[in-house]
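Work through these exercises with the sequence and the model side by side. Try each task before reading its solution.

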Amino acid sequence: MSASAMVTVTYREAIRAAIREALVADERVFLMGEDVGAYGGCFGVSKGLLDEFGPERIRDAPLSESAFVGAGIGAAMGGMRPIVEVMTVNFCLLALDQIIDNAATITHMSGGQFAIPLVIRMTTGAGRQVAAQHSHSLEGWLAHIPGLKLLAPATLKDARGMLAPALADPNPVLIFEHGSLYNMEGELPADAGGCDIERAAIRRPGTHVTLVAYGGTLATALVAAEELAADGIEAEVLDLRVLRPLDDSAVIESVTRTHRAVIVDEGWRSGSLAAEVSARIMEQAFYELDAPVARVCSAEVPMPYPHHLEQAALPQAGTVVAEVRRMTGADG
Amino acid sequence: MTVAPRLDRDHGQHLLHQMLRVRRFEEKCVELYSAAKIRGFMHLYIGEEAVAVGIMEALEPKDAIVATYREHGHALVRGVSADAVMAEMYGKVEGCSRGRGGSMHLFDAATRFYGGNAIVGGGLPLAVGLALADKLQGRECVTACFFGDGAVAEGEFHESMNLAALWRLPVLFCCENNLYAMGTAIERYESETDLALKAASYEMPAWTVDGMDVMAVEGAARKAAAEVRGGMPCFLELRTYRFRAHSMYDPDLYRSKEEIERWKQHDPIAALTAQLQEAGLLSAGDIEELERSVAEEVEAAIAFAEAGTLEPVEDLERFVYWEPPLPTPAEEVAAGGDSTDESATA
Amino acid sequence: MADFLMPSLGADMEFGTLLEWRVEPGDAVNRGDIVAVVDTSKAEIEVEIFENGVIDELRVPEGTRVPVGTVLATLRTGADDGPAPPGAPAMTVATTPDAPTGTVATAPSPKPAAMPPPPPPPPPVTLPQFASEEHRLRVSPVARRAAEQLGVDLTAVAGSGPDGAITKGDVERAAAAIARTIAPAAAAAGPAPTAAQAPPPTPPPAAPEERAGAMRLAIGALMARSKREIPHYYLQTQIDMSSALAWLEEENLRRSVSDRLLPAALLLSAVAGAVAATPAMNGFWVDGAFHPADGVHLGVAISLRGGGLIAPALHDADHKSLDELMAGLRDLVMRARTGRLRGSEMSDPTITVTNLGERGVDLVHGVIYPPQVALVGFGGIGERPWAADGMIGARPVVIATLAADHRASDGLAGSRFLTLIDHRLRKPEEL
C-alpha cells in the first residue's frame, strides 16, 4: 500500500486514531474521564477503545473532575502518560484548582524537579444549542496561565497529529476540541502522524488583511475570506493552532505583509485571546498597521438557547467581511 | 503483616530524636521569622510532631509522600536535610525547591516528597494519581497523604476518598485532626465530627489514633501501611493539637489559654521522654546528647542557609516549563563515550 | 546584654504598636516567655522573647508605634554576669525624668497616642508639558512611516481608509503622482532623495503646466519639512581659486574642446574628497539617529527648463577622476532635462551640492534634502580684493557655504569640512 494513500475520516475519528496510536505505542498512556469507556465518550471519540484496551487503560471516572484531573497530574508525576478527558471546558472549572494550582505550578514550585507530562482534552465552543453551561469558550482564561500549553486543533491533520507531541511534552498540555468540528469530514493520508505544536499556520495566503482565528472560528474566517475574494480583497487566514505560548512571529510576519488584522475569537471580547493578540500586534507591529486591529468575538452574554440568538451571539463570517470592508475603505 | 513498634532504647531514642529535630528546628524558625530572615506564610507543626514521626516509621524509601503547607516536620523526618529545608525558607538556590517554593512548598524528588501543598485538600487528588501510577506500573508502594481536618470539608477530599476506594489504590490517608480549620473549631464546621466514620463510609479501613503518642501512631501506621500494600487504601484520623497559632499572623483568639495548656500536658516529646526514663531507657546524659546534636544540626542549617546564594533575577522565568537537567561532568563524559561506541558500531 | 526587638510578624508588617508590656525591669524571663503584646494593625499578637535573662530596661512605652527591628527592651543575659567593663556607660540611658524606668506605662491610652504626624504635603510637581497638536491628521502608522520615507507631505494627501484615514496605499499613490510629474518619462523617480520603490502604473498624460504645479507642490512640501524638522546651521568661507583656475587653464590647453573641464568639476571633486574624509556630513538622519552612508554620492542640484529643481546622484564621486566627474555631470544634466534619470540616481544622494555660480549670485544658503544631513553651496567665481602677504590684490574667489543638520554634527565639524574643501582647491593637481 502506498504511503500517500488517502482515507476519508471525520475529526472525531482522527482524534480516536491518535489516541489509539498513543495507547499502542506506549504502555504508560491511558485514557481517563467521564464516560470514556462503556459509553464510548460523550462525543463518541473513544468508542470501541474499551473493548480493545480494557478498563485499566480506558478508565471511566466518577463525576469528580477535581479528583480525576488531579489524579492525572499525580499519575504523570508518577511516571505515567495520562490522557484526561473533561467533557466540556465548562466542567473543567470544577478542576481549576488542580489545573492551575498544581499542574501549572508544581514544576516551578519544586524548582524544576518534577515534570507534568499530562494531556487534558476537552470540548469547547457553542453552535449546538446546548445553552450557557455547555457552550462557552474559556480558552482565553486558561491561556492566561504560565506553565500550561494550549492547543486548538481546527483541521483534521491537527486533530490527528497534535496528541503524540502533546504526550511527549514534559508539561501539561490542554487540547481544545471544538464541538462543532467532530463531524467535519475530509481526507487524510492513511499514515498521517504527529505534527508540530509550536507554530501557527497560514491556511490561506493573502495580501490585504490577516484574519487570525483558531479552533471553531477557522471555518468562519475561511468563509469570510472567500467572500472577500469576490470583492478583490485577498485575506490571509492564520490559524493560531497553539494558544499558549502564542506564535507571535507568525502573527507579526503576516500583519507586516498585509498591514491589517481582524481577530476572530469565539471567546468574549473582554480580556480575551483576541485582546491578547491585538495587544501583541500593537506592541510589535504598530508601524505596520494601516488600520486599527479589529475583533470579531462572541457577544457578551451567556450563550442563549434559541438558535437565532445563539447565532447572533457567535462570530459570523458576514461580520468579519463587514469589518474588513470597513477597514479597507471598501464599504463605499 | 503488622509489625508492632518496639520500645527499646535505640528505637525510643530514635523517635525522640526525630521529634526533637522538628521541635527545635521550628522554634528557631520563629526566631528567624521575627528577625525577617524567613518571610511569607509560615505554619508551625509544634505539638503535632508525633504524627509525622510515627507515620514515617512505617514508610520505605520507595513510598511517596504528599504533605500540606505545615510540612517542615514531614520533610525533615522523611530525610530532606535540615540544610535544604532551611535554605528553602531563606529563598536560596540551595533550598530543596531552589528557593522557589518557600516554607509551604518543600519538594524533594530524591525522597519522593511531592510537596507541601498550600491549597487545603489540593494534595489528595495528587496522592490518588501517584498511587494509580504505582499500581498501573506494578510497584508495591504506599503514597502517604497528609492533610488536616479542615480538608475533610472540601469536595476534593470526598472525590479522592471515593476514587481511591473505588479503584483500590494504595493511598494511606493521614488526617491530622488538630481540631481547628485555621481558626474555626471542628464542631463549628463539620456536621459529623467523627472523621474516621466519614471515611469508613467510602468502604475503606479507617480508625482514630492518639496523635500525641508517637508509639501509638507508629503502631497504627504500620498496620495501615500493611493494609495499603495489600491493595486497599486506609484512613487514619490522628487526634493532635498545635501548640502554636495557625501562622505567624494569627492572634490565636479563637481558643482559650486553658485549652492550650491542657493539651500541652500531652506534649508528645515530654510524654515519650517520661516513658523512656521510666523504663530506664533514657538518661540525663542521653537527653543532653540528643539536644546537643539537634542544636548542632539546626545551627549548621542556619549557617548553610545564610551562606546560600540568591537566584539571579535573569533566571526569573526559569522552571515555568520543565527543562532537562544539565548533565553533570561525569554524565557528559559518559554521553561522549556512548556516542563513540555508536559511531564505532555504525 | 541583649536586645528585645519589635518582631516582624508578617512580610507586610513594617511597623508595630507596643500595646502592653507583660514584664517589668528586673523580671527574670526565659526563652519562649510572652513579654509583650504587639498590634500589627491586623491583629494583636503576644510576642515572645528568645533569650533567657533579666529585663533590664523597657525602651518603648506602651501605645507607641515603632518600626520592625526597633529595640523594645534590653535584657541582662548570663554573659553579663561579669563586672561591667570599666568606663562602660550606665545601662539606664532611658531614665529621663519624664519617663523613669518602670513607670513607662504612663501613656494615656493603650491605643497609639504616638501616631506619626501626617507627612507634609508633597512639593508641587511640575508635569511635563506636551505641545498640543492642533491639526492631527488621521494617518495609519505604516502610512506615516511611508510618507517620511517617500518625502510625501501628508497634508496634501486624501485618505481612503476608515473614517478618511490616510493609508499606505494613499501615500504611495501620492508619491507616484509626484514622481510622474517630476520626471515624466522616468521609470521610477520622485522629488525626494529616497523615491518610491514601486514602479508607478502607466502615467496618465499630464499637461506641462500641471506637472510644473505638482513639482512646486512637491518641492514645497519637502523643503517645508526640511525647515520644520532639521535644525540647520550655516557656515561660509571664501576660497582663493587662483591656483585652481590657473591649473585648469593649463590643463584645458592640452585638451580638445569637447574634453575640456569646467570649474564645476573641480568644485565637485574637492567636495567629494572632503566628504569622504568627513563621515558626519555624509549620510541620513532616520528614526532619530544618524546613519552614515557607505559611499559618497553627490546629489547635484540641476534646475529644469520648465521650472523646478532636481538633484540626482553622481555615484561614488570620491573615486572618480576629474574627467569622469565632468562626463558624469554632463550626462546627468542632459538626462535630467530630458527626463531620463534612473531611479537609483534619485534615491541615492548622500549629500547635495548646489552651484549657483552661473546665475551670478555671490553665495547660497541652501536647504538640506531630508533625510540627508548637509548641503554644500557655491556662488559665482569672481574677482575680489584679497589680502595676502601684507598686500591687497585681486584674485578669483568663490564663496563656499555649508548648511548642515545640527542633530548630526556641529560647527566645528562643519568648519573643518569647509577648510578641507579650501585646501583641496588650492592643490588642484592632486584632485
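**Exercise 1. Split chain A into domains, then describe where they meet.**

Step 1. Take the bounds. Chain A is assigned domain 1 (7–189) and domain 2 (201–327). Such bounds come from an automatic or database domain assignment.

Step 2. Note the ground rules. The model is predicted, so local features need pLDDT of at least 70 and side-chain atom pairs count only at pLDDT 80 or more, while totals for chains, interfaces and linings use all residues. Residues are numbered from 1 along each chain as its sequence is written, and chains are lettered from A and ligands numbered from 1 in the order in which they are written.

Step 3. Find the spacing. The centres of domain 1 and domain 2 of chain A, taken over C-alpha atoms, are separated by 26 Å.

Step 4. Count the contacts. Two residues are in contact if their C-beta atoms, placed from the backbone, lie within 7 Å. In chain A, 24 residues of domain 1 contact 22 residues of domain 2.

Step 5. Assign the domain 1 side to elements. Helices (H or I, at least four residues) and strands (E, at least two) are DSSP runs, numbered from the N terminus. At least two residues each come from α6 (139–142), β6 (149–151) and β7 (173–178) of chain A. β6(A) gives the most, with three residues.

Step 6. Sort this side of domain 1 by class. It has 11 nonpolar, 10 polar and three charged residues. Ala, Val, Leu, Ile, Met, Phe, Trp, Tyr, Cys and Pro count as nonpolar, Asp, Glu, Lys and Arg as charged, and the others, Gly among them, as polar.

**Exercise 2. Describe the contacts of chain A with chains B and C.**

Step 1. Start with chain B. Here 34 residues of chain B contact 35 residues of chain A.

Step 2. Name the elements on the chain B side. Those giving two or more residues are β2 (113–117), α5 (123–136) and α6 (155–166) of chain B. The largest share, 10 residues, comes from α5(B).

Step 3. Class the chain B side. It divides into 18 nonpolar, 10 polar and six charged residues.

Step 4. Turn to chain C. There, 10 residues of chain A contact 10 residues of chain C. The chain A side has five nonpolar, two polar and three charged residues.

**Exercise 3. Locate two cis peptide bonds.**

Step 1. Look in chain A. The bond from Arg244(A) to Pro245(A) is cis, with omega near -5°. Pro245(A) sits in the loop between β12 (242–244) and α10 (248–258) of chain A.

Step 2. Look in chain C. Pro370(C) and Pro371(C) are joined by a cis peptide bond, with omega about 0°. Pro371(C) lies in the loop between β16 (351–355) and β17 (374–378) of chain C.

**Exercise 4. Place two non-glycine residues with positive phi, and judge their exposure.**

Step 1. Set the scale. A residue is buried if 20 or more other C-beta atoms lie within 10 Å of its own, exposed if 12 or fewer, and partly exposed in between; C-beta atoms are placed from the backbone.

Step 2. Take Ala36(B). Its phi is near 65°. Ala36(B) is in the loop between α1 (9–34) and α2 (49–57) of chain B. Ala36(B) counts as partly exposed because it has 14 C-beta neighbours inside 10 Å.

Step 3. Take Asp389(C). Its phi is near 50°. The loop between β18 (382–388) and β19 (391–405) of chain C holds Asp389(C). Asp389(C) has 5 C-beta neighbours inside 10 Å, so it counts as exposed.
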